[in-house]
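Hi,

Here is the structure I promised to send over. Have a look at it first, and then read on for what turned up.

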Amino acid sequence: MTGQRLAGKVALITGATGGIGSATAELFAGEGARLVLTDVADGPLAELAGRLTDTGAEVLAVRLDVSSAREWDEAIGAVRERFGTLDVLVNTAGIVDWPGIEDTREDAWDRVIDVNQKGTWLGMRAAMPLLRATGNASVINTSSVLGLVGSGSAAAYQASKGAVRLLSKTAAVEYARHGVRVNSLHPGVIATPMIQDLLDEQGDQQPDIVRTPMRRAGHAREIAAAALFLAGDESSFVTGSELVVDGGLTAH
């Protein structure tokens, strides 16, 4: 263990086996959180849970398709049975589809919206009774810089991430007097498995990296550090905000 900024807090992380999800889980474990790790990838989920348990963390692993209301209810039921409380919800699960308006298939559109947008709403809806009961809870919804500015492609992904941004704001207003803070996290170009093939192919000439003043991709641990700030008590007066971690990409 490296610190105690989340000592005693129970944190549920969706998409926990992805690059940002696993980095967040590792950092939160090191800061004393009790973890609920969820994903649809059973094998990697079990491996991650086992690895963190070996470090001394208390971990509950739950298979969860975030687009399913039934599976969300089951997951929150498991949290209630194991821990009886929930302090932090980190909605990290997400998928991407690259085509623009005319080339996006309807089935692809529906799947991206189901996971990224509907999944975020379902998670808040299912978890909110436990979160409200703590009187001091935090929800971190992962959007993107593509939830802030246009790119000319990835129509479904951008629509979903823009929706996550405003969904977070309206939830922040709704629950501000109920002890639940809600913020959105906006990563820029991050070297994760989701885009690694693209980075491998284009390297530092990848257009968004060229447009990034720092001229590099970010690391998953840098997003995890931002999530840690939003999860902990240091951000007790922060709600309805957009925390942008993008190397300056949206600064111009």
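Which backbone nitrogen does the side chain of Asp 39 reach? It is that of Ala 41, at 3.1 Å. Keep in mind that this is a predicted model.

Let's stay with Asp 39 for a moment. You'll find this residue in strand E2, which covers residues 34-39. Asp 39 is buried, yet it has no salt bridge. A salt bridge would need a side-chain nitrogen of Lys or Arg within 4 Å of a carboxyl oxygen, but the nearest side chain of opposite charge, Arg 63, is 8.0 Å away. What the side chain of Asp 39 does have is a polar contact with the side chain of Thr 17, at 2.8 Å. Leaving out residues up to four places away in sequence, Asp 39 touches several others, including Gly 15, Gly 18, Leu 45 and Val 62.

Now zoom out to the sheet. It is an open one with 7 strands, in the order E3-E2-E1-E4-E5-E6-E7, and the pairing is parallel. Strands E3 (59-63) and E7 (242-245) stand at the edges with a single partner strand each, so one side of each has no neighbour in the sheet. On average, neighbouring strands are turned by 15° against each other, ignoring direction.

At the E7 end, 4 bridges join E7 to strand E6 (residues 180-187). Look for Leu 185, which stands opposite Leu 243 in E7.

Two helices are worth finding too. Helix H1 (residues 19-30) lies across E1, E2, E4 and E6, at about 170° to E1. Helix H5 (residues 155-175) lies across E5, E6 and E7, at about 160° to E6.

Cheers

Definitions and conventions
Residues numbered from 1 in each chain as written. Predicted model: local features only at pLDDT ≥ 70, side-chain atom pairs only at ≥ 80, totals over all residues. Heavy atoms only, no water. Buried < 20%, exposed > 50% of the residue type's maximum accessible area, 1.4 Å probe, protein only. Lys, Arg positive; Asp, Glu negative; His and termini not counted. Polar contact = N/O pair within 3.5 Å; in protein donor to acceptor, adjacent residues only side chain to side chain. Contact = heavy atoms within 4.5 Å. Pairing = 2+ DSSP bridges. Axes fitted to C-alpha atoms, helices over the stretch in contact; angles between N-to-C directions.
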